[in-house]
Amino acid sequence: MDRPLQGVTRDNLPRELFAGITLLAISVPLNIGYAQIAGLPATAGLYALIVPTIIYAVVVSSRQVVASPDAAAAALVFSSLTGLSVGGENFAAMAAAQAILSGLMLALASFLKLGFLANFLSKPILVGFVGGLALEIMVSQLAKMLGISLNSGGEFLEKVATLLGDLGDANLWSLGISVAAVLMLLLGRRLYPAMPWALVALVLASVATASLGLEGRGVSVLGEVPAGPPQFAFPLLDFGTWLNLVPSALALTLVTVAEGLLVSRSYAEKRGYETRPNQDLVAFGAANALAGLSSSFAMGSSTSRTAAMDGLGSRTQVPSLVMAAGTLLLLLFGTAVLAVIPSPAIGAVVAVAVIKLLGLTELREIWGQSRFEFGIGLTCFVGVLLIGPLGGLGLAFVLSLINLARRAAAPAVDILVGNDDPQVSLLGSSDNVRQTSPGLLIIRFGAPIFFANGTILADHIKTSVSNAPSRIRTLVLDLEAVSDIDVTGAEALHGAKEWLSRHDVSLLYTRVRPDLRARLTRFHLLDGATELATNRDAAAVAAAPSTPTPVQKVRR
């Protein structure tokens, strides 16, 4: 494990400390808003910035990734728990238990080196999933910005209908605060990006609310925030509730693994240092477990805050420690300041933060690159809104697996022409090139041979031999692109091998990978067949006046 806080030097420490103050100014208002999205008290968002953040900063190998609850995780927490909690009963305890379960799953994934599972969360799935959650968040925050009350447990379409139907009841003071805050955030970031505009907006909105007495004019405020350090407790829930939390905890874990490792790797490559994915999974796991034990909720990587720290030149985890210390001081001595923050301003801060998460630009790019994958992303986007985050994620997974099977079941099968280079042959379309040379066919199969495509290879072999312009005496199977073969694929190849034998066609293999050779031997597919190193060797053998005795000749 790398030493904690790697990269800290005497020269960069002042810059890291300043970045930490900025990170504190960004994180406090955001986490208060995310806690409200999750249906939890403001303290749940602030507690996440203390003990979980400290342990994460000490354990993680990434020098820059900031761990925190984010908007997508908050929306997933709320939507997944709403159906399980009756009347809000045990809601906070269930959110804490969910975080603990996610932490255990992340630790287990690290132990079993299962980080590769996150690869199944393709870009279209992530864009659609996060975009759907972001749109749901936008609706709830727009209601807060307008001073309209929504049914927190209602469906997305029900919330939209309520919002549109109650527009005439919007509070003009709330609307004014929201518009001013949004303009300040958008214009301020353009003119002076280094300024913590979210904090500035909340401070000015709080001053205006208090001095003008806007709470008495219908503007809601955050209200009393309990003072004191994080409250440690183990969530006391029955076994059945713990089991019911497993699916949503698994969804949170997958999103954390996919986004966390991706962000960590991208910044490490950009800034020239190494990370250890399994160590980072342990860090995320410990942070989530401690978040659950300290009355908070699930944590992941914060892309926006990581980008902000990178922009300030931070290359260590010192800013996270400064943020933890500052949040603790705020909870001990400054909670009275938080009580007067107007909810419309919080809604504006969160709404601006999640605009980029809608993924409209990314979906447009995917549309131009792959219509099928655009369909996967759009299905996940709509599914999250109509059947919930877990249902939308599951549906997108199924579509991704169908896409994977569809691609694997239709691999490239080429007849090679030209053998001047022993390793690379020219490719010819099987529609107009029916043989490599008189009496010889060299066929390259472009995928692992398994149950979905084994018969395709066998059929192609038979068709190519049957349709060749002259009688084929030797067929060479180029296995350079084949990494594996399963039982069903082996049976299909056995059938093709026997068909070739009945038609007096010799079978040769070339460019066989060592692992694949072991599999072919186990399936007895090398029995009676010749294996040669290159296509040039195969062509030379095929051109020989007599058929060679089958051998296992490999030149490497």
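This passage walks through the overall make-up of the chain, its pocket and cavities, a surface patch, its salt bridges and two unusual backbone angles.

The structure is a predicted model, so everything below is read off predicted coordinates. The chain has 556 residues, and 52% of them are buried. Its secondary structure adds up to 22 helices and eight strands. Taken along its principal axes, the C-alpha trace stretches over about 100 × 60 × 50 Å.

Now for the empty spaces. The largest pocket comes out at a volume of about 1200 Å³. It is lined by 40 residues, and those closest to its centre are Thr303, Ser304, Ala353, Lys356 and Leu357. Quite a few helices chip in here: α1 (13-37), α4 (71-82), α6 (123-146), α9 (197-212), α10 (239-271), α12 (303-311), α15 (343-354) and α16 (360-369) each bring at least two residues to the lining of this pocket. Helix α12 provides the largest share, with five residues. As for chemical character, the lining of the largest pocket splits into 26 nonpolar, seven polar and seven charged residues.

Then there are the cavities. Searching the whole structure turns up three cavities of 30 Å³ or more. The largest cavity has a volume of about 80 Å³. Around the largest cavity sit Asp70, Ala72, Ala73, Leu76, Phe129, Leu252, Val255, Thr256, Glu259, Met299, Gly300 and Ser301. Elements α4, α10 and β2 (300-301) each give at least two residues to the lining of the largest cavity, and α10 makes the largest contribution with four. Sorted by type, the residues lining the largest cavity are seven nonpolar, three polar and two charged. Helices α4 and α10 therefore turn up in both settings, each supplying at least two residues to the lining of the largest pocket and at least two to that of the largest cavity.

On the outside, there is a nonpolar patch to look at. Leu172, Leu175, Val179, Leu183, Leu187, Leu191, Tyr192 and Met195 make up this surface patch, and together they have about 810 Å² of accessible area. One of its members, Leu191, belongs to helix α8 (residues 172-191). Leu191 has a relative accessible area of 72%, so it counts as exposed, the cut-off being over 50%.

Charged side chains pair up too, with a count of eight salt bridges. One of these joins Arg315 to Asp310, with the closest N and O atoms 3.4 Å apart. The two partners sit in unlike surroundings: Arg315 is partly exposed at a relative accessible area of 22%, whereas Asp310 is buried at 7%.

Another salt bridge connects Arg444 with Asp478, and here the closest N and O atoms are 3.6 Å apart. This pair ties together distant parts of the chain, since Arg444 lies in strand β5 (residues 440-445) and Asp478 in strand β6 (residues 474-478), 34 residues apart. Both ends are tucked away: Arg444 is buried with a relative accessible area of 13%, and Asp478 is buried at 0%. The pair isn't on its own, either, as Arg444, Asp478, Glu480 and Arg511 are linked in a network of salt bridges.

A further salt bridge brings together the side chains of Arg519 and Asp484, at 3.2 Å from N to O. It also links distant parts of the chain: Arg519 is in helix α21 and Asp484 is in the loop between β6 and α20, 35 residues apart. Arg519 is partly exposed at 22% relative accessible area, and Asp484 is partly exposed as well, at 34%.

Last come two backbone oddities. Most residues other than glycine have a negative phi. Asp504, which is not a glycine, has a positive phi of about 55°. Asp504 is located in the loop between α20 (487-502) and β7 (506-510), and it is exposed, with a relative accessibility of 58%. Arg511 isn't a glycine either, yet it has a positive phi of about 50°. Arg511 sits in the loop between β7 and α21 (514-522). With a relative accessible area of 5%, Arg511 counts as buried, because that is under the 20% cut-off. Arg511 is also a member of the salt-bridge network with Arg444, Asp478 and Glu480.

Conventions. Residues are numbered from 1 along each chain as its sequence is written. This is a predicted model: local features need pLDDT of at least 70, side-chain atom pairs count only at pLDDT 80 or more; totals for chains, interfaces and linings use all residues. Side-chain values use heavy atoms; hydrogens and water are left out. On a 1 Å grid over the protein atoms alone, a cavity is a set of points where a 1.4 Å probe fits but cannot get out, and a pocket is an open set with protein on both sides within 12 Å along at least five of seven lines; lining residues have an atom within 4 Å of a point. Grid points are joined across faces, edges and corners, and a volume is the space filled by probe spheres set on the points. Ala, Val, Leu, Ile, Met, Phe, Trp, Tyr, Cys and Pro count as nonpolar, Asp, Glu, Lys and Arg as charged, and the others, Gly among them, as polar. Patches are made of residues with over 30% relative accessible area and no salt bridge: like charges are joined within 9 Å, nonpolar side chains (Val, Leu, Ile, Met, Phe, Trp, Tyr) within 5 Å. Accessible areas come from the Shrake-Rupley method with a 1.4 Å probe; for residues, only the protein chains shown count as cover. A salt bridge is a side-chain nitrogen of Lys or Arg within 4 Å of a carboxyl oxygen of Asp or Glu. Buried means under 20% relative accessible area, exposed over 50%, partly exposed in between (1.4 Å probe, protein chains only).
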